[in-house]
Amino acid sequence: MKFIKIIYNPISPVLFTIILFIIIFQSEDFRFLNHGTYKVTTPSTQALGVNQKVINEECERIVDSQLERSGYKVDKNKTAIEIVKSNCLWISDSSFTTDFDADDQMEIVMITFGAGCGSCHAQEVRIIKDDKVVFYKEGSDFAITLANEFTGFVLQYPEKSLPPNSGDKYIIEGYKAVMGDEGLESFIGFYKEKKVYIFNG
């Protein structure tokens with residue numbers, strides 16, 4: 001009889017609600033939702049190893065497929081080849097060799113982009129002297145030419161990715177050769193300007 005009175009007591013719904021909240025609050029699910037205790041299921045080390053192995057094999061296949069042809073652009077330089085293989089890169093057809101520092105020895109201008117890229121605008125440019133990278137820059141659509149007025153080179157690239165629209169600008173940077181006791185050490189930028197693309201017709 002007392003139990004029935006408790007159930008039908010006007011305070012009972014309030015008591016039941018309080019008890020229910022206490023039970024929910026103590027549950028793992030409530031703490032997960034309200035305290036940011038996230039349970040993240042991570043792939044096993046074995047699964048990660050398998051995935052990385054597949055990626056590495058595919059990268060090696062893609063790089064090897066173009067390395068024989070494009071390797072001549074970098075004189076089959078071992079440092080250049082190692083960079084391409086270890087970073088999964090393609091060598092751009094705009095890569096070449098020239099003598100930037102006027103010592104009668106060729107430097108390698110290696111322009112690369114990610115192997116298997118679609119539009120291939122994002123690029124890296126490296127200048128390699130013997131087996132040492134003496135210049136590196138990330139950007140897009142690089143054009144590099146031997147300087148006439150100083151010992152070094154001129155680098156041009158768009159401020160935004162190509163193709164350019166009316167009013168877009170491109171950047172021109174001049175880099176002088178820095179010589180040490182053992183020859184070329186690096187290149188230092190000494191001027192930078194921007195110009196607006198001019199469209200004919």
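## Overall layout

Among contacts in the protein between residues at least 6 apart in sequence, what percentage join residues at least 24 apart? The figure is 37%. Keep in mind as you look around that this is a predicted model.

The protein has five helices and nine strands. Reading from the N terminus, the order of elements is α-α-α-α-α-β-β-β-β-β-β-β-β-β. The protein has 201 residues, and 32% of them count as buried. About 13,700 Å² is exposed, with carbon and sulfur atoms supplying 57% of that area.

## Helix H5 and its two ends

Helix H5 covers residues 78-87. Its buried residues are Thr79, Ala80, Ile81, Ile83 and Val84.

Both ends are worth a look. The N-terminal end of H5 is capped by Asn77, which places a side-chain oxygen 2.9 Å from the backbone nitrogen of Thr79. After H5 comes Cys88, which has a positive phi, near 55°.

## Two nonpolar cores

The largest nonpolar core holds 17 residues. Those with the most contacts inside this core are Ile127, Phe135, Ile144, Phe153, Leu155 and Phe187. Two or more residues come from each of strand S3 (107-114), strand S4 (122-129), strand S5 (132-140), strand S7 (152-158), strand S8 (169-180) and strand S9 (183-196).

Phe135 is a good place to centre your view. Leaving out residues up to four places away in sequence, Phe135 touches Val125, Arg126, Ile127, Phe153, Leu155, Tyr175 and Phe187. Apart from the largest core lies another core, of 15 residues, which includes Val74, Ile91, Met110 and Ile128.

## Ser95, a buried loop residue

Ser95 sits in the loop between strand S1 (89-91) and strand S2 (96-98). Is Ser95 buried or exposed? It has a relative accessible area of 2%, so Ser95 counts as buried.

The side chain of Ser95 reaches the backbone oxygen of Ser92 at 3.0 Å. Beyond residues up to four places away in sequence, Ser95 touches Lys73, Val109, Met110 and Ile111. Of these contacts, Met110 is also one of the residues of the 15-residue core.

## Pro158 in strand S7

Pro158 belongs to strand S7. Its relative accessible area is 5%, and Pro158 is therefore buried.

Setting aside neighbours within four places in sequence, Pro158 is in contact with Ser140, Asp141, Lys169, Tyr170 and Tyr197. For Asp141, which is 17 residues away along the chain, the C-alpha separation from Pro158 is 6.9 Å.

## Lys194 in strand S9

Lys194 lies in strand S9. Why does Lys194 count as partly exposed? Its relative accessible area is 47%, and the partly exposed class runs between 20% and 50%.

Which residues does Lys194 touch, not counting those up to four places away in sequence? They are Glu159, Lys169, Tyr170 and Ile171. With Glu159, the side chain of Lys194 makes a polar contact of 2.6 Å. Lys169 is 25 residues from Lys194 along the chain, and their C-alpha atoms are 6.2 Å apart. Lys169 and Tyr170 also appear among the contacts of Pro158.

Methods. Residues are numbered from 1 along each chain as its sequence is written. This is a predicted model: local features need pLDDT of at least 70, side-chain atom pairs count only at pLDDT 80 or more; totals for chains, interfaces and linings use all residues. Side-chain values use heavy atoms; hydrogens and water are left out. Buried means under 20% relative accessible area, exposed over 50%, partly exposed in between (1.4 Å probe, protein chains only). Helices (H or I, at least four residues) and strands (E, at least two) are DSSP runs, numbered from the N terminus. A polar contact is a pair of N or O atoms within 3.5 Å; within protein, one must be able to donate a hydrogen and the other to accept it, and residues adjacent in sequence count only if both atoms are side-chain atoms. A nonpolar core is a set of buried Ala, Val, Leu, Ile, Met, Phe, Trp, Tyr and Cys residues joined through side-chain atoms within 4.5 Å. Contact means heavy atoms within 4.5 Å. Accessible areas come from the Shrake-Rupley method with a 1.4 Å probe; for residues, only the protein chains shown count as cover.
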